[in-house]
Amino acid sequence: MTSTTDSIRDLLLSRIRDVADYPKPGVMFKDITPLLADPVAFTALTDALAELCVRHGATKIVGLEARGFILAAPVAVRAGIGFIPVRKAGKLPGATLSQSYELEYGSAEIEIHAEDLDAGDRVMVIDDVLATGGTAEASLELIRRAGAQVAGVAVLMELGFLAGRGRLEPGLAGAPLEALITV
């Protein structure tokens, strides 16, 4: 668990809106747009994630498409380290490394520019939500295939009932998984 204080956790939680039956009936969607619209909450989130990056010795940050970009870019600026997007297949120009992974309803593929990572890099993966863990797991494989080390994974919110942590832990190989909020 992180060093996020109860007051910051409460602030972040208060700015996450539940949207029932979205994107389909029976799903309770966690909408972070109210948090992003609140400069105090967004700054607190950015600071908390940047502190994790510094604490774990990250030299680069990977943001997962698409909401991970929104969180990871200002964290990289705050921490003074580089930002690298992990995109859906076919969205990055030039040479890429790709990784397929299984979803509950099929498969997907993500890509990264390998030249943006060096052998000495320690990479923190940042995303908004850890759900089933498939995308994060695939990103860890991409980071290692590019020759870099995994510093850890940091998320705003972990949906504990979806067991993504259990899926992700073998791929972490001892690197930390930090969730600011667990629901």
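This is a short talk on how the strands, helices and loops of one predicted model fit together.

Hello everyone, and thanks for coming. Please keep in mind that we are looking at a predicted model. I'll begin with the sheet, move on to the helices, and finish with a few loops.

So, how many strands does the open sheet have, and in what order do they come? There are seven strands, in the order 5-6-4-3-7-8-9, and the pairing is mixed. At the edges you'll find strand 5, residues 97-103, and strand 9, residues 177-182, each of which pairs on one side only. Going from one strand to the next, the twist averages 25°. For anyone new to sheets, a general reminder: strands pair through backbone hydrogen bonds, either parallel or antiparallel.

Let's look at strand 7, which covers residues 122-130. Is strand 7 mostly covered or mostly open? Mostly covered: eight of its nine residues are buried. On one side, strand 7 runs parallel to strand 3, residues 60-64, and four bridges join the two. If you'd like one pair to find on the screen, Val-62 has Val-125 of strand 7 as its bridge partner.

Strand 7 also pairs with strand 8, residues 149-158, again in the parallel sense, over eight bridges. Two pairs to look for here: Ile-126 stands opposite Ala-154 of strand 8, and Asp-127 has Val-155 of strand 8 as its bridge partner. How does the chain get from strand 7 to strand 8? It passes through helix 5, residues 134-145, making a right-handed β-α-β crossover.

Now move along to strand 8 itself. Strand 8 is mostly covered too, with nine of its ten residues buried. Strand 8 and strand 9 run parallel and are joined by five bridges. In this pairing, Val-153 stands opposite Leu-177 of strand 9. The chain travels from strand 8 to strand 9 by way of helix 6, and this β-α-β crossover is right-handed.

Next, the helices that lie against the sheet. Which strands does helix 5 lie across? The list is strand 3, strand 4 (82-88), strand 5, strand 6 (106-112), strand 7 and strand 8, and helix 5 runs at about 155° to strand 5. Helix 6, residues 164-172, packs on the sheet as well, touching strand 5, strand 7, strand 8 and strand 9. The direction of helix 6 makes about 160° with that of strand 9.

There is also a helix pair to show you. Helix 3, residues 39-55, and helix 4, residues 67-79, have axes that come within 8 Å and cross at roughly 65°. The crossing is right-handed. From helix 3, the residues in contact include Phe-42, Leu-45, Leu-49 and Val-54; from helix 4, they include Ile-70, Leu-71, Pro-74 and Arg-78. What classes of residue make up this contact? Eleven are nonpolar, two are polar and two are charged.

Finally, some loops with backbone details that are worth a look. Between strand 1 (17-20) and strand 2 (28-31) there is a loop that holds Pro-23. The peptide bond from Tyr-22 to Pro-23 is cis, with omega near 5°. Asp-21 sits in the loop between strand 1 and strand 2 as well. Asp-21 is not a glycine, yet its phi is positive, at about 60°. Why do we call Asp-21 partly exposed? Because its relative accessible area is 49%, and partly exposed runs from 20% to 50%.

A cis peptide bond also joins Glu-65 and Ala-66, where omega is about 0°. You can find Ala-66 in the loop between strand 3 and helix 4.

Ala-163 lies in the loop between strand 8 and helix 6. Here phi is near 60°, a positive value in a residue other than glycine. Ala-163 is partly exposed, with a relative accessible area of 47%.

On the other side of helix 6, the loop leading to strand 9 contains Ala-173. Is Ala-173 buried or exposed? Ala-173 counts as exposed because its relative accessible area is 64%, and the cut-off is over 50%. Ala-173 and Val-150 are 23 residues apart in sequence, and their C-alpha atoms are 8.8 Å apart in space.

That's the tour. Thank you for listening!

Terms used. Residues are numbered from 1 along each chain as its sequence is written. This is a predicted model: local features need pLDDT of at least 70, side-chain atom pairs count only at pLDDT 80 or more; totals for chains, interfaces and linings use all residues. Side-chain values use heavy atoms; hydrogens and water are left out. Buried means under 20% relative accessible area, exposed over 50%, partly exposed in between (1.4 Å probe, protein chains only). Two strands pair if DSSP finds at least two bridges between them. A crossover is right-handed if, with the strands pointing away from the viewer, the path from the first strand over the helix to the second runs clockwise. Axes are lines fitted to C-alpha atoms, for helices over the stretch in contact, and angles run from 0 to 180 degrees between N-to-C directions. A crossing is left-handed if the near helix is turned anticlockwise from the far one by less than a right angle, and right-handed if clockwise. Contact means heavy atoms within 4.5 Å. Ala, Val, Leu, Ile, Met, Phe, Trp, Tyr, Cys and Pro count as nonpolar, Asp, Glu, Lys and Arg as charged, and the others, Gly among them, as polar.
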